[in-house]
Amino acid sequence: MDFEAFFKGELDSLHQEGRYRVFADLERHRGAFPRATRHTPEGKRDVTVWCSNDYLGMGQHPAVIEAMKEAIDHCGAGAGGTRNISGTTHYHVLLEQELADLHGKEAGLIFNSGYMSNWATLGTLGQKIPGLIIFSDALNHASMIEGIRHGKCERVIWKHNDLNDLEAKLKAADPKAPKMIAFESVYSMDGDIAPIRQICDLADQYGAMTYLDEVHAVGMYGPRGGGIAEREGLMDRITIIEGTLGKAFGVMGGYIAASHAVCDFIRSFASGFIFTTALPPALAAGAVASISHLKNSPFERARHQDRVRKLRASLDARGIPHMTNPSHIVPVMVGDAAKCKWISDLLLDHSDVYVQPINYPTVPRKTERLRITPTPLHSDADIEHLVGALHQLWSRCALARAVA
């Protein structure tokens with residue numbers, strides 16, 4: 001087989017469909033987010049970032065930066081090993097305590113990414129609980145899907161946020177089999193929110209555990225940033241809460257929060273935890289500072305919601321179609337992969353606006369979109385500049401306008 005020809009042919013197909021992904025070479029400006037410098041062969045240009053998952057700008061917060069610097073000065077760069085072999089530092093212990101407190105759980109367990117925390121936890125539960133059936137929402141993240149597959153247990157896919165379908169599938173399952181319902185709170189592409197209370201009711205009725213991915217909600221919702229489950233007063237009804245340190249908390253890493261027994265079980269049996277070098281202490285220290293700040297500061301969340309409302313109103317005023325949802329994610333709908341990438345390129349090259357196109361397989365074909373994520377640090381002028389540029393491109397591309 002001509003392997004090189006195969007690789008090039010597959011990549012050519014991505015180019016032809018408009019789905020080839022190009023990385024923007026960016027250099028963020030400390031203290032000036034959402035500004036960044038874009039490096040290109042033609043030179044440098046300043047851009048405004050509109051698609052970052054650093055939802056609250058905490059990756060630029062002085063308290064986070066100072067905590068990370070202090071940790072490096074105190075104990076150096078790396079952790080030095082896996083958590084089992086010399087890699088558990090006091091910063092890791094403090095972070096797990098902070099996360100347990102955030103979610104009202106007995107314990108927390110940190111991983112190197114949110115992908116890893118989902119993959120390792122779900123895979124381990126699937127492997128180790130005899131006869132477990134995992135009921136997975138149809139739009140769960142790839143990390144959850146891969147974890148469930150890795151677990152090689154029985155899995156049942158239920159229609160997205162469809163309580164009737166979930167109940168029908170729970171009812172049809174072996175009543176004696178152990179069960180777990182795995183779902184997300186905020187779904188990152190459409191921005192819709194799961195009916196957590198009703199799912200918990202069904203879990204109680206059918207004796208199932210609950211596994212809630214809150215990666216797009218932690219820091220963002222609830223009086224202390226505990227997520228949608230905290231906002232709704234439901235954290236005590238969730239068996240395992242999974243989250244990330246790399247989005248609203250602005251650093252890097254993933255975690256679960258649960259009972260002592262659950263966290264110790266995953267710590268003891270999950271290969272994705274056991275055989276991985278621990279997070280650098282500086283990242284753990286930065287996460288502690290970020291979580292602690294957001295537990296006590298409502299300002300970032302309030303300002304963020306104000307920016308989301310203003311952006312949506314500005315899009316509506318210009319007839320730019322965006323998906324209505326109750327979250328902070330603003331999907332501007334294009335519906336064509338090539339046009340979506342073209343618009344993204346024009347925004348970047350001519351308006352210095354960076355919004356990454358979202359195409360298949362991340363979203364279904366014909367639902368291609370620009371996924372816009374406002375932050376508390378975007379100004380009124382930033383919003384006007386973005387919407388004005390979109391307005392011009394909508395006319396240039398002859399795209400349909402939203403009807404008021």
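## Contacts and pairings, one residue at a time

Me: Leaving out residues up to four places away in sequence, which residues does S327 touch?
Reply: This is a predicted model, and contact here means heavy atoms within 4.5 Å. With residues up to four places away in sequence set aside, the ones S327 touches are V186, G191, I193, Y221, V308 and R312.

Me: Where does S327 sit, in terms of helices and strands?
Reply: Start with how covered S327 is: a relative accessible area of 2% makes it buried, because buried means under 20%. As for its place, S327 is in the loop between α13 (299-318) and β11 (330-333).

Me: What separates the C-alpha atoms of S327 and Q305?
Reply: Along the chain, S327 and Q305 are 22 residues apart. In space, their C-alpha atoms are separated by 8.8 Å.

Me: What about S314, is it buried or exposed?
Reply: S314 has its place in helix α13. Beyond its neighbours within four places in sequence, S314 is in contact with I383 and V387. Its relative accessible area is 15%, and the cut-off is under 20%, so S314 comes out as buried.

Me: How many aromatic pairs does a search of the whole structure find?
Reply: Ring centres have to lie within 6.5 Å for a pair to count. With that rule, a search of the whole structure finds aromatic pairs numbering three.

Me: How are the planes of F111 and F273 arranged, stacked or edge-to-face?
Reply: The rings of F111 and F273 are 5.7 Å centre to centre, with 75° between the planes. Planes over 60 degrees apart get the edge-to-face label, so the F111 and F273 pair is edge-to-face.

Me: How many residues apart in sequence are the parts that F111 and F273 tie together?
Reply: F111 is buried at 2% relative accessible area, and F273 is buried too, at 5%. F111 belongs to strand β4 (residues 107-111), while F273 belongs to helix α11 (residues 271-274). So the pair ties together parts whose separation in sequence, in residues, is 162.

Me: And F265 with F269, what kind of aromatic pair do they form?
Reply: Both are in helix α10 (residues 260-269), four residues apart, so about one helical turn separates them. F265 is partly exposed at 26% relative accessibility, and F269 is partly exposed at 44%. Their rings are 4.9 Å centre to centre with 45° between the planes. That angle is neither under 30 nor over 60 degrees, so the pair is tilted.

Me: Which residue lies over the face of Y360?
Reply: For a charge to count as over a ring, NZ of Lys or CZ of Arg must be within 6 Å of the ring centre. At 4.0 Å from the ring centre of Y360, the residue over its face is R365.

Me: How many salt bridges does the count come to?
Reply: Side chains of opposite charge can pair when their charged atoms come close. The cut-off used is a side-chain nitrogen within 4 Å of a carboxyl oxygen. By this rule, the salt bridges come to 22.

Me: Which residue meets E17 in a salt bridge?
Reply: E17 is partly exposed, at 32% relative accessibility. Its partner is buried, with a relative accessible area of 14%. The N to O distance is 2.8 Å, and the partner of E17 is R19.

Me: How many residues apart in sequence are the parts tied together by R35 and D382?
Reply: The side chains of R35 and D382 meet in a salt bridge at 2.8 Å, N to O. R35 is partly exposed at 30%, whereas D382 is buried at 9%. R35 lies in strand β2 (residues 35-40) and D382 in helix α15 (residues 380-396), so the sequence separation in residues is 347.

Me: How far apart are the closest N and O atoms of K341 and D345?
Reply: K341 and D345 are four residues apart in helix α14 (residues 337-351), so they're separated by about one helical turn. D345 is partly exposed, at 30% relative accessible area. In the salt bridge between K341 and D345, the closest N and O atoms are apart by 2.9 Å.

Me: Which residues make the nonpolar surface patch of about 480 Å²?
Reply: One of them, M1, lies in the segment before α1 (3-17). M1 is exposed, with a relative accessible area of 71%. The full set making the patch is M1, F3, F6 and F7.

Methods. Residues numbered from 1 in each chain as written. Predicted model: local features only at pLDDT ≥ 70, side-chain atom pairs only at ≥ 80, totals over all residues. Heavy atoms only, no water. Patch = residues over 30% accessible without salt bridge, like charges linked within 9 Å, V, L, I, M, F, W, Y side chains within 5 Å. Areas by Shrake-Rupley, 256 points an atom, 1.4 Å probe, with all protein chains shown as cover. Helix = DSSP H or I, 4+ residues; strand = E, 2+ residues; numbered from the N terminus. Buried < 20%, exposed > 50% of the residue type's maximum accessible area, 1.4 Å probe, protein only. Phe/Tyr/Trp six-rings, centres within 6.5 Å; stacked < 30°, edge-to-face > 60°. Lys NZ or Arg CZ within 6 Å of the ring centre and 35° of its normal.
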